[in-house]
Amino acid sequence: MEFKRKIILCLLMTITMGYYKIEGRDPILHRVGGGRYTWEPKVNFTKWASHEHFYKGDWLYFGFDKRIYNVLEVNKTNYEHCVDTDFITNITKGGRDVFQLLETRPYYFLCGRGFCFQGMKIAINVEEEPNPAVPPAALPNKAFPLNRLSNTKLLVFLVLVTVLAWTFI
C-alpha cells in the first residue's frame, strides 16, 4: 500500500510540474474583417489587421458566400498584383473556413475572381508568442500573492498539498 502511495505522489508531482511548464496564451480565433461573414469587398482589411496581433498558433476565420468568393493564400508578389494563379493554398471549403497560423512569417491572402482589385486581400504578420513578463508585485506584509495565481493553478496546488499530507501522515 505504501508503494502505491509513492507512485501516485510521483505521478501527481510530474503532472503538476508539466502543468506549470506549459504556460502561455491560448490560440485566438480572429474573425477576418471583424464579423461573422465579413470576407467581402466593402471591408477595409488593412485597417482591421492593423488593430489585431497575430501569434503563432492563432486561427483565422473567413466567413463568406462560397458561390461568389474564395480565399487563397498567395506569395507577396501575387498579393501586391492581385494574381490568383499559382496560389500556395486554397482555403475555400464551405464559406466558413479556418486557417491556422503555424509559422512566424508574413501571410498573404486574397480573393480571386477579380474581387482582389476591390480590396479583398489581407496581409498578416505572425509573431512568436510574447514572453509573459511578470512584474514584481508590491505585496504588503509579504502576503501570499493569490491574485497572481489562477483558480486552476490554486486548485492544482491545493490538491498537491493534500496528496503530500495524505502520503506522509
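Visitor: Hi! How much surface does the protein expose, and what share do carbon and sulfur atoms supply?
Guide: Hello! The exposed surface of the protein comes to about 11,500 Å², and carbon and sulfur atoms supply 60% of it. Keep in mind that this is a predicted model.

Visitor: Noted. What share of the residues counts as buried?
Guide: Of the 169 residues in the protein, 31% count as buried.

Visitor: And how many helices and strands are there?
Guide: The protein has four helices and eight strands. Reading from the N terminus, the order of elements is α-β-α-β-β-β-α-β-β-β-β-α.

Visitor: What about contacts, how much comes from residues 24 or more positions apart?
Guide: Take the contacts in the protein with a separation of 6 or more: 71% of them are between residues 24 or more positions apart.

Visitor: Let's switch to cysteines. How many disulfides does a search of the whole structure find?
Guide: The search finds one disulfide. Its partners are Cys82 and Cys116, with an S to S distance of 2.1 Å.

Visitor: Which parts does that pair tie together?
Guide: Cys82 sits in the loop between helix 3 (76-81) and strand 5 (89-90), while Cys116 sits in the loop between strand 7 (106-110) and strand 8 (121-127), so the bond links parts that are 34 residues apart in sequence.

Visitor: Nice. Is the link left-handed or right-handed?
Guide: The link of Cys82 and Cys116 is left-handed, with -65° about the S-S bond.

Visitor: Are those two cysteines buried or exposed?
Guide: Both Cys82 and Cys116 are buried.

Visitor: I also see Cys111. Why is there no bond from its sulfur to the closest cysteine sulfur?
Guide: The closest cysteine sulfur belongs to Cys116, and at 8.1 Å from the sulfur of Cys111 it is too far for a bond. The cut-off for calling a disulfide here is 2.5 Å between the sulfur atoms.

Visitor: Is Cys111 buried or exposed, then?
Guide: Cys111 is buried, and its relative accessible area is 1%.

Visitor: Back to helix 3 for a moment. I've clicked on Asn78; where is that residue found?
Guide: Asn78 is part of helix 3. With a relative accessibility of 11%, Asn78 counts as buried.

Visitor: Which backbone oxygen lies 3.1 Å from a polar atom of the Asn78 side chain?
Guide: That is the backbone oxygen of Thr85.

Visitor: And which residues does Asn78 touch, leaving out those up to four places away in sequence?
Guide: On that count, Asn78 touches Val83, Thr85, Asp86 and Leu110. Thr85 is thus a name you have now met twice: as one of the residues Asn78 touches, and as the owner of the backbone oxygen at 3.1 Å.

Note on methods:
Residues are numbered from 1 along each chain as its sequence is written. This is a predicted model: local features need pLDDT of at least 70, side-chain atom pairs count only at pLDDT 80 or more; totals for chains, interfaces and linings use all residues. Side-chain values use heavy atoms; hydrogens and water are left out. Helices (H or I, at least four residues) and strands (E, at least two) are DSSP runs, numbered from the N terminus. Buried means under 20% relative accessible area, exposed over 50%, partly exposed in between (1.4 Å probe, protein chains only). Contact means heavy atoms within 4.5 Å. Accessible areas come from the Shrake-Rupley method with a 1.4 Å probe; for residues, only the protein chains shown count as cover. A polar contact is a pair of N or O atoms within 3.5 Å; within protein, one must be able to donate a hydrogen and the other to accept it, and residues adjacent in sequence count only if both atoms are side-chain atoms.
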